[in-house]
Amino acid sequence: MAVLTKASPLDALQRWLPKLVLAPTMLIVLVGFYGYILWTLVLSFTNSSFMPSYKWVGLQQYVRLLDNDRWWVASKNLAVFGSLFIGISLLLGVFLAVLLDQRIRREGFIRTIYLYPMALSMIVTGTAWKWLLNPGLGLDKMLRDWGWEGFRLDWLVDQERVVYCLVIAAVWQASGFVMALFLAGLRSVDQSIIRAAQVDGASLPTIYLRIVLPSLRPVFFSAFMILSHIAIKSFDLVAAMTAGGPGYASDLPAMFMYSFTFSRGQMGIGSASAMMMLGAILAILVPYLYSELRNKRHD
């Protein structure tokens, strides 16, 4: 006959302790993250201006947002900035990872140099590149002082090219991180597959292009997701480097949202733009999660 023993208070404490430790964090996430997302959604359907107002106006703020020329400039800039930033960062990161995967000398030192920019905040990156690309005191002035009188690098004050300055700074910061992701993936590839391909006479570029890199599909997706998130929410880089100028030629949606919500007292439009940004992130995230969950279910 089994003997039932009463659980001691210590056993009960051990069961509840992890929940008690995690409870404050979960509460902060629910209130400070999901709660404010819901509040922003509510404000986007109201006539809020300098202060929150709860007078319901339906989709009026979204209509005003879509009629705003500055919003379309910011959206176009995001398309240009995001595509170039993600594409170049992926290509450069893969290229650097493949080079380091050759077990070169001083690999640890070189890897640290490539990763160092990721340790900096976007504010520091934006400020540094603002100095470098400033026509009055950066690379432009230095090269002209050295005798290159015809050299011009005035993109930072050119409305048509200023967005490419943001791309340069963002790629400089993020490509090392992408390199680290792919290098970890490359080091996890079964070396017997590579040796078998070498025995069959495959060249090194063929091995990487047709065998190794296609096997890193999850790494590609992860890097793409992270870079897309960085691109859509880019605010500090723009604020430090161009402040959205000249005019609002380098505006991105995050800068637009901040300006209208906190500087121009149009909280309703700012909330609507924030929800549009959230929608863009979900449009990328949901298909990816669906694909991953479906693959796991089939496995």
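Is Ser175 buried or exposed? In this predicted model, Ser175 is buried, because its relative accessible area is just 6% and the cut-off for burial is under 20%. The residue sits in helix α7, which runs over residues 162–187. Leaving aside residues up to four places away in sequence, Ser175 touches Ser89, Leu92 and Gly93.

Now for the open space. The largest pocket holds about 780 Å³. Its lining counts 26 residues, and those closest to the pocket centre are Phe33, Ile37, Thr40, Ala274 and Leu278. Four helices each put at least two residues into this lining: α1 (9–43), α10 (217–232), α12 (253–263) and α13 (267–298). Of these, α13 chips in the largest share, with 11 residues. Sorted by class, the lining of the largest pocket comes out as 18 nonpolar, seven polar and one charged residues.

The second largest pocket takes up about 230 Å³. Helix α7, home to Ser175, turns up again here: α7 and α3 (69–100) each supply at least two residues of this lining. The top contributor is α3, with five residues. Around the second largest pocket are Trp72, Val73, Lys76, Asn77, Val80, Gln159, Glu160, Val163, Tyr164 and Ala249. By class, that lining splits into six nonpolar, two polar and two charged residues.

Definitions and conventions: Residues are numbered from 1 along each chain as its sequence is written. This is a predicted model: local features need pLDDT of at least 70, side-chain atom pairs count only at pLDDT 80 or more; totals for chains, interfaces and linings use all residues. Side-chain values use heavy atoms; hydrogens and water are left out. Buried means under 20% relative accessible area, exposed over 50%, partly exposed in between (1.4 Å probe, protein chains only). Contact means heavy atoms within 4.5 Å. On a 1 Å grid over the protein atoms alone, a cavity is a set of points where a 1.4 Å probe fits but cannot get out, and a pocket is an open set with protein on both sides within 12 Å along at least five of seven lines; lining residues have an atom within 4 Å of a point. Grid points are joined across faces, edges and corners, and a volume is the space filled by probe spheres set on the points. Ala, Val, Leu, Ile, Met, Phe, Trp, Tyr, Cys and Pro count as nonpolar, Asp, Glu, Lys and Arg as charged, and the others, Gly among them, as polar.
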